[in-house]
Amino acid sequence: MRTDVGAAIADRATTLVGVPFRLRGRSVEAGLDCVGVVAHALECTGRSFEISRDYALRGEYLARISAFFDSDCFRLIEAESFQPGDILLGRAAERQVHFAVHTSHGAVHAHAGLRRVVLTPPPLIWPTIFHWRYIGD
């Protein structure tokens, strides 16, 4: 079952490629940021996640992010054993973190510079600092 859910998360993320970028965006029509991409991808799990919009492009958010993923439905993955649907958090710049959803073809993420959601083939240009897997209830 885990593989099916992971594949569904990855498939949902892939459908977002081409959606416009918008900081704090949660609407496919109006635009998404990297947090919005993860939020939309996780919708296919059938769970409702309350995801904050109270953040800036740069800041110290690791404690808040870790608290969100510190639940029974996510597992922190220590190794670089990526599976489709895994949620990656990278260090894009100093005080700037960036989310992506791993797929079998690369990582789906909202690219502020390109102003749209993109699929980036491996390897990612930023270091992955955290990596979570949705495991359900």
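How many bridges join strand S6 and S7, and in which sense do the two strands pair? Strand S6, residues 106–111, pairs with S7 over five bridges, in the antiparallel sense. Please keep in mind as you look around that this is a predicted model.

**The sheet**

S6 and S7 belong to an open sheet of six strands, whose order is S3-S8-S4-S5-S6-S7 and whose pairing is antiparallel. At the edges stand strand S3 (74–76) and strand S7 (116–120); each has a single partner strand, so one side of each is left without a neighbour in the sheet. From one strand to the next, the twist averages 30°. To find your place in the S6 and S7 pairing, look for histidine 109, which stands opposite valine 118 in S7.

**Two helices on the sheet**

Helix H2, made of residues 34–42, packs on the sheet. H2 touches S3, strand S4 (87–93), strand S5 (96–103), S6 and S7, and its direction makes about 35° with that of S5. Helix H3, residues 62–69, lies across S3, S4, S5 and strand S8 (128–134). H3 runs at about 20° to S8.

**Aspartate 33**

Now turn to the loop between strand S2 (31–32) and H2, where you will find aspartate 33. Is this residue buried or exposed? Aspartate 33 has a relative accessible area of 2%, so it counts as buried, the limit being under 20%. A polar atom of the aspartate 33 side chain lies 2.8 Å from the backbone nitrogen of arginine 24. Leaving aside neighbours within four places in sequence, the contacts of aspartate 33 include Phe21, Arg22, Leu23, Gly25, Tyr55 and Ala110.

**Aromatic rings**

The structure holds 10 aromatic pairs. Here are two of them, both edge-to-face.

| Pair | Centre to centre | Angle between the planes |
|---|---|---|
| Phenylalanine 68 and phenylalanine 69 | 4.9 Å | 85° |
| Phenylalanine 69 and phenylalanine 74 | 4.8 Å | 75° |

Phenylalanine 69 takes part in both pairs. Phenylalanine 69 is buried, with a relative accessible area of 4%, and phenylalanine 74 is buried at 6%. Phenylalanine 68, on the other hand, is partly exposed, with a relative accessible area of 25%.

Which residues form one aromatic cluster with these three phenylalanines? Phe68, Phe69 and Phe74 share the cluster with Phe49, Phe99, Phe130, Trp132 and Tyr134.

Notes: Residues numbered from 1 in each chain as written. Predicted model: local features only at pLDDT ≥ 70, side-chain atom pairs only at ≥ 80, totals over all residues. Heavy atoms only, no water. Pairing = 2+ DSSP bridges. Helix = DSSP H or I, 4+ residues; strand = E, 2+ residues; numbered from the N terminus. Axes fitted to C-alpha atoms, helices over the stretch in contact; angles between N-to-C directions. Contact = heavy atoms within 4.5 Å. Buried < 20%, exposed > 50% of the residue type's maximum accessible area, 1.4 Å probe, protein only. Polar contact = N/O pair within 3.5 Å; in protein donor to acceptor, adjacent residues only side chain to side chain. Phe/Tyr/Trp six-rings, centres within 6.5 Å; stacked < 30°, edge-to-face > 60°.
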